Amino acid sequence: MTELTQGTAWKTLKAHTEGLAHMRTLFESDTQRFDHMSTSACGLFLDYSKNRADKETMSLLFSVAEDAQLESKIKAMFNGEMINTTEKRAVLHTALRAKPEQEIMLNGVNIVQEVQETQQQMELFVDAVSSGNWKGYTGKKITDIVSIGIGGSFLGPKIVSQALRPYWSKQLNCHFVANVDASSIVEKLKPLNAETTLFIMSSKSFGTQETLTNTLSAKDWFIEQGGSQADVAKHFVAVTSNVAKATEFGIDADNIFPMWDWVGGRYSLWSAIGLPIALLIGMDNFRALLSGANEMDQHFANTPLSENMPVIMGLFSLLYGNFHDAQSHVVLTYDHYLRGLPAYFQQLDMESNGKSVTLDGTEVDHSTGPVIWGGEGTNGQHAYHQLLHQGTALIPADFIMPLQSHNPLGEHHVQLASNCFGQTQALMQGRSYEEALKELADSKLAADEKSVIAKHKVMQGNKPSNTILMDKLTPQTLGALIALYEHRTFVQGAIWQINSFDQWGVELGKTLGNDVLDRLSAENDATELDCSSNGLINMFRQKKI
Ligand code: F6P
């Protein structure tokens, strides 16, 4: 048993949630519900009134947070304490977006200075490439960037660049290669000209098989296209915390952008891992992205729990997972540019909170990180919303929408908004049997048929959602939004007392994968593993070309 679930607030909350009225009733009995269950911060507006909560629920949730010493854990992170206990590291992605004048001491060094120096290195590089002063091996300027990386070294740059498409400079195109499946890099390189292509190899560890393999293939392509080993320096740069291995790999020392072990891969887009973003939107807009995240950091660090946006969102996610047995959480971005955000939040949340022991190794006695999924609204309404409305699973939803479009065109945006708000309303209020029957009153169906169809049209409602709005999707508001979700993830992990910042679960697959790799290319068929693995390996051996 963990002390968390034995706490008074936790136990009281359990009993309380079982007896809470339907949200429909909560809205009917409190016409000010929207006013006192919404909050603003850093250019974002959060409507959390469509949640299974009343004032007592909120008070109990904040008590659970207080019992877990959440405020002191937030301070510990910002102060650089070694909260990633299994890797003996601080967790300071917040330092990546600190203001230049801020001081964050780690082992006696003000790390903000190092961050600023790397940003200056980034700015020089971005200016050189964007201005055309950076020339390829035949003297031509760079037209295409190929970013090679995976996980946090891919998702951040890719999804933030996609989200800020309206801010791209005209000069550059960017292509992202992550998967080791050769089809990815082959298709991406097919239309490119080696003379005007620059590769950014992003790998915090400089030891990720997919990224190393893709970079070697990129180098082979470059040579086949007419480049030489001597020209590599003009077309390959690296972002890594392992400078020695990058140099050994052949990346010119001047073309290596450092990062640090106190930045987790899934929290690294704010570092030089974000170089593709800065190349596409310019350094000023990249700094605006950082500034938005820094604003959310200040909000998170200095706002009382009851008005703290990441705390409120984190507590609701914990409420549904731990007290309503919700196994997943859906993120619905009612904005085409934000269509990749659910995938970004998947790694952020699931690689952070997909854990089952507390910091001291005790097995948890409650659920932890949910499955994060989602997609672009309104597309999802024609794919999986049926299950959200009438399925048996409770799936809390976040709806995210800018109030203004970058592309105002006729009725498009007002229709997008009508769908977004209509969906949250339908999830909350549902449709009763009586309402369904009434809708069928004028149909020509016989009475018994009306009764059956009406039963099929019933929607329980009471399906919770948060709605997050911003005036417009800008680098600043996007930075605040992503930082909001980073801290929302932190809140849950801190209360569950798990380590949200290591990822031992992905190590075993890599190790076993390397052993399988050897067996796939061995002289003889595999026989020592389980019969499934042996069978699969040997089938591949028979068919491989
Ligand atoms: O998935 C495991 C992981 O270590 C992620 O945390 C990380 O973002 C990704 O692999 C890539 O790691 P690297 O940046 O070291 O290549």
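**Reading pockets, domains and cores in a predicted model**

Visitor: How many residues of the lining of the second largest pocket are nonpolar, how many polar and how many charged?

Guide: The lining divides into four nonpolar, nine polar and two charged residues. Please keep in mind that the model is predicted.

Visitor: How should I read a pocket, and what is the volume of the second largest one?

Guide: Rolling a probe the size of a water molecule over the atoms shows where empty space is left. In this structure, the second largest pocket has a volume of about 370 Å³. It is lined by 15 residues, and H336, S405, H412, H413 and L416 are the closest to its centre. Helix α18 (residues 412-429) gives the most to this lining, with four residues.

Visitor: What is the volume of the largest pocket, and which residues lie nearest its centre?

Guide: The largest pocket holds about 870 Å³ of space. Its lining has 37 residues, and S205, T208, Q503, V506 and K510 lie nearest the centre. By residue type, the lining of the largest pocket comprises eight nonpolar, 20 polar and nine charged residues.

Visitor: Which helix supplies the largest share of the lining of the largest pocket?

Guide: That helix is α22, with six residues. The helices α10 (209-224), α16 (341-353) and α22 (505-520) each supply at least two residues of this lining.

Visitor: Into which domains is the protein chain divided?

Guide: The domain assignment gives domain 1 (8-67 + 303-428 + 463-482), domain 2 (93-287), domain 3 (430-461) and domain 4 (504-543). You may locate domain 1 and domain 4 by their centres, which are 41 Å apart when taken over C-alpha atoms. The domains also help in reading the largest pocket: domain 2 and domain 4 each give at least three residues to its lining.

Visitor: How many residues does the largest nonpolar core have, and where does it lie?

Guide: The largest nonpolar core has 120 residues, and W262, F316, I400, L478 and L481 have the most contacts inside it. Helix α21 (residues 475-496) provides the largest share of this core, twelve residues. The core lies between domain 1 and domain 2, because both give residues to it.

Visitor: Which residues does F316 touch?

Guide: Leaving aside residues up to four places away in sequence, F316 touches M37, Y48, N51, A53, M58, L61 and N466. There is also a second, separate core of 20 residues, which includes I185, L192, M201 and A238.

Key
Residues numbered from 1 in each chain as written. Predicted model: local features only at pLDDT ≥ 70, side-chain atom pairs only at ≥ 80, totals over all residues. Heavy atoms only, no water. Domains from an automatic or database assignment. 1 Å grid on protein atoms, 1.4 Å probe; cavity = no way out; pocket = protein on both sides within 12 Å on 5 of 7 lines; lining within 4 Å. Points joined across faces, edges and corners; volume = space filled by probe spheres on them. Nonpolar A, V, L, I, M, F, W, Y, C, P; charged D, E, K, R; others polar. Core = buried A, V, L, I, M, F, W, Y, C linked by side-chain atoms within 4.5 Å. Buried < 20%, exposed > 50% of the residue type's maximum accessible area, 1.4 Å probe, protein only. Contact = heavy atoms within 4.5 Å.
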